[in-house]
Amino acid sequence: MGSTGAKKVRSKEKPGKSPAVLPTLTPSERVDLLRRMVLIRRFEQKAAQAFMQAKIKGFCHLYIGQEAVAVGTISTLNPSDAVITAYRDHGHALARGMTSRECMAELFGKITGCSRGKGGSMHFFSKEKHFHGGHGIVGGQTPLAAGIAFAQKYNQTGEVTVCYLGDGAVNQGAFHEALNLAALWKLPVIYVIENNEYAMGTSQSRSSAGYP
Ligand SMILES: Cc1ncc(C[n+]2csc(CCOP(=O)(O)OP(=O)(O)O)c2C)c(N)n1
Ligand SMILES: [Mg+2]
């Protein structure tokens with residue numbers, strides 16, 4: 001796993017020419033990936049249950065069905081690379097190696113939570129794991145990611161930033177500004193758009209002009 005494994009050497013080959021990723025994984029690495037995805041699913045099912053029982057207050061946005069996106073992409077990172085995401089952040093935090101205990105404690109508003117119980121579902125953070133949130137403002141994390149990547153480039157750390165956003169967030173102006181600067185300054189940032197065809201309850205056909 002990227003969160004626990006040794007430093008990875010990034011291929012200099014062009015994507016089309018490099019071998020497929022999957023065959024290079026050992027059986028134990030595949031089990032590790034599956035284990036992490038199942039952990040997220042079980043965590044979310046328990047969170048849903050606790051939310052329905054009103055043990056979790058405020059918001060509780062689940063990541064069920066998208067587990068493979070966070071686990072697969074984060075598994076390719078080095079531990080010191082930066083990760084930042086939107087408000088549906090439980091899965092990314094767990095994929096990054098944050099413990100289910102500190103994450104669940106956060107949902108319950110406990111001081112032992114990853115944000116000392118003050119952030120809740122949308123605001124998981126871990127300085128140690130280079131996990132920069134958890135952001136409730138749709139698209140708000142995208143210029144922050146460009147800023148983190150700017151620092152990485154300026155300080156010549158060799159690290160990258162991976163920024164997740166939903167299909168609903170691509171309509172935000174801040175995202176387009178971030179993309180422009182990222183391209184202009186050749187920042188080491190990768191934007192991963194998780195397209196589930198809905199912005200919460202609003203379908204793409206009702207909100208996005210480019211919908212096929
Ligand atoms: C700036 C801003 N506008 C509106 C909202 C209300 N809002 C919360 S979630 C959401 C939809 C986000 O959709 P998407 O990015 O596709 O994420 P998904 O729900 O699919 O994970 C909206 C509009 C918000 N939080 N921030
Ligand atoms: Mg969406």
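How are the donor residues of the magnesium ion (ligand 2) spaced in sequence? The spacing is D-x28-N-x1-Y. The legends below take up this site and its surroundings in a predicted model.

**Figure 1. Three protein residues serve as donors to the magnesium ion (ligand 2).** The donors are Asp167 (OD), Asn196 (OD1) and Tyr198 (O). They lie 2.0 to 2.1 Å from the ion. Look for the aspartate, the asparagine and the tyrosine of the pattern D-x28-N-x1-Y.

**Figure 2. Aspartate 167 and asparagine 196 link distant parts of the chain.** The two residues are 29 apart in sequence. Aspartate 167 sits in the loop between β2 (161-166) and α6 (173-184). Asparagine 196 sits in the loop between β3 (189-194) and β4 (198-199). Is aspartate 167 buried or exposed? Aspartate 167 counts as buried, because its relative accessibility is 6% and the limit for buried is under 20%. Asparagine 196 has a relative accessible area of 31%, so asparagine 196 is partly exposed.

**Figure 3. A shell of 14 residues surrounds ligand 1.** The closest are Tyr87, Arg88, Gly168, Asn196 and Tyr198. Two of these names also belong to the magnesium site: Asn196 and Tyr198. What kinds of residue form the shell? Seven are nonpolar, five are polar and two are charged.

**Figure 4. Arginine 88, glycine 136 and valine 138 each place an N or O atom by ligand 1.** Arginine 88 uses its side chain: an N or O atom there is 2.7 Å from an oxygen atom of ligand 1. Glycine 136 uses its backbone, with an N or O atom 2.9 Å from a nitrogen atom of the ligand. Valine 138 also uses a backbone N or O atom, and this one lies 3.1 Å from a nitrogen atom of ligand 1. How much of ligand 1 does the protein bury? Taken alone, the ligand exposes 590 Å², and the protein buries 67% of that.

**Figure 5. Seven helices and five strands form the setting for these close-ups.** Along the sequence they follow the pattern α-α-β-α-α-α-β-α-β-β-β-α. The protein has 212 residues, and 41% of them are buried. Now take contacts between residues at least 6 apart in sequence: 65% of these join residues at least 24 apart. The protein exposes about 12,000 Å². Carbon and sulfur atoms supply 60% of that area.

Note on methods. Residues numbered from 1 in each chain as written. Chains lettered and ligands numbered in written order. Predicted model: local features only at pLDDT ≥ 70, side-chain atom pairs only at ≥ 80, totals over all residues. Heavy atoms only, no water. Near = heavy atom within 4 Å. Polar contact = N/O pair within 3.5 Å; in protein donor to acceptor, adjacent residues only side chain to side chain. Areas by Shrake-Rupley, 256 points an atom, 1.4 Å probe, with all protein chains shown as cover. Nonpolar A, V, L, I, M, F, W, Y, C, P; charged D, E, K, R; others polar. Donors = N, O, S within 2.8 Å, 3.2 Å for Na, K, Ca; no water. Helix = DSSP H or I, 4+ residues; strand = E, 2+ residues; numbered from the N terminus. Buried < 20%, exposed > 50% of the residue type's maximum accessible area, 1.4 Å probe, protein only. Contact = heavy atoms within 4.5 Å.
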